[in-house]
Amino acid sequence: MTDYSTAKKWFKDSDAVIVTAGNGLSQEEGLDILSEEDFDNRYGEIAEKYDVHTIGDALDKKFDSWDEQWQFWSKLINDYSLNYEISPSMKRLKQLLEGKEYFIATSTFAHFFENADFNQNRIFDVFGDWTKIQCSSGINHGQKDDREVVKKYLEGKGEVPKCDVCNSPMELHMPLNAHFFPDTDANTRLRWFLTGNEDKKVTVLELGVDETSPQLLDPMVDLVKQFPSWHYVAADLDEEDLPDDVQKQSLACSSNIHDFLKELVD
Ligand SMILES: [Zn+2]
């Protein structure tokens, strides 16, 4: 039986909270990139033509034309980001972080935290954000918002967006190929946040991070080990997933995000 009273106390006493959120959180918000359920119904043409049956496989696929690519991307972004509705778990997370200093490092890329109105300057989208686009030339020519492009496509008036610098087609700002440039400004802000809180009471909250985003797991546990006033609370990990030397500072709740946040906040 997980002892939520300890976790509650740690959160209550914290000066700052660092949230790491992965695949599990994405699923909680309705986006499961590995699921075959419903894909063929929603994106039948693409499923048939390219023999892909999950969003993950479809994102990895190079389509015959940029226009076709953008038609599909627009549907996805519209379904999961433009029509996003905040989940009960996200509401609870907002409650938990209310009045706290926080930073969110996430491998989810569908703009959930921004849409849920968390502080945009306190979010690092480690794997990018598909409401933004980058140049497909392989050179970093900056990023732009793509939500107007998406809306035009949905109206049937879409045009492949082009780079302002070199006129190459623009692609999603995600690590779908070798030339993904992470958001260095957000990464810098996260580093400053970590440094600035070394001596404070900090709780790291893990939500649905799995082997698809290892950079959000071990490095954070290592940080907690370094700083005696830090704690680590994992929603969906088991105790044996965490190293022995961090056990006293950590809680692994072996739950799922939904139940975990309910126990913790309600
Ligand atoms: Zn360019």
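Start by selecting Asp79, which is partly exposed, with a relative accessible area of 26%. You are looking at a predicted model.

Now add Arg42. Its salt bridge with Asp79 brings the closest N and O atoms to 3.6 Å apart. Arg42 lies in helix α3 and Asp79 in helix α6 (residues 66-82), so this pair ties together parts that are 37 residues apart in sequence. Arg42 is partly exposed, at 39% relative accessibility.

Next, select Asp164 and Lys144. Their side chains meet in a salt bridge (3.3 Å, N to O). This pair also links distant parts of the chain. Asp164 sits in the loop between α9 (147-154) and β6 (170-173), and Lys144 in strand β5 (residues 143-145). Asp164 is exposed, at 65% relative accessible area. Lys144 is partly exposed, at 36%.

Go back to Arg42 and Asp79, and add Asp38. Salt bridges that share partners join these three residues into one network. The whole structure holds 13 salt bridges.

Move to helix α1 (residues 4-13). Which of its residues are buried? Select Tyr4, Ala7, Trp10 and Phe11. Look down the axis: the buried residues fall within an arc of 120 degrees, so they line one face of the helix.

Turn to the face away from that buried side. Here are the exposed residues Lys9 and Lys12. Lys9 forms a salt bridge with Asp13, with the closest N and O atoms 2.6 Å apart. The two are 4 residues apart in α1, so about one helical turn separates them.

Last stop: select Glu36, Asp40, Asp57 and Asp60. Together they form a negative surface patch. Glu36 lies in the loop between α2 (23-28) and α3 (39-42). Glu36 is exposed, at 57% relative accessible area.

Conventions. Residues numbered from 1 in each chain as written. Predicted model: local features only at pLDDT ≥ 70, side-chain atom pairs only at ≥ 80, totals over all residues. Heavy atoms only, no water. Patch = residues over 30% accessible without salt bridge, like charges linked within 9 Å, V, L, I, M, F, W, Y side chains within 5 Å. Areas by Shrake-Rupley, 256 points an atom, 1.4 Å probe, with all protein chains shown as cover. Salt bridge = Lys/Arg side-chain N within 4 Å of Asp/Glu carboxyl O. Lys, Arg positive; Asp, Glu negative; His and termini not counted. Charge placed at Lys NZ, Arg CZ, Asp CG, Glu CD. Buried < 20%, exposed > 50% of the residue type's maximum accessible area, 1.4 Å probe, protein only. Arc of directions from axis to C-beta.
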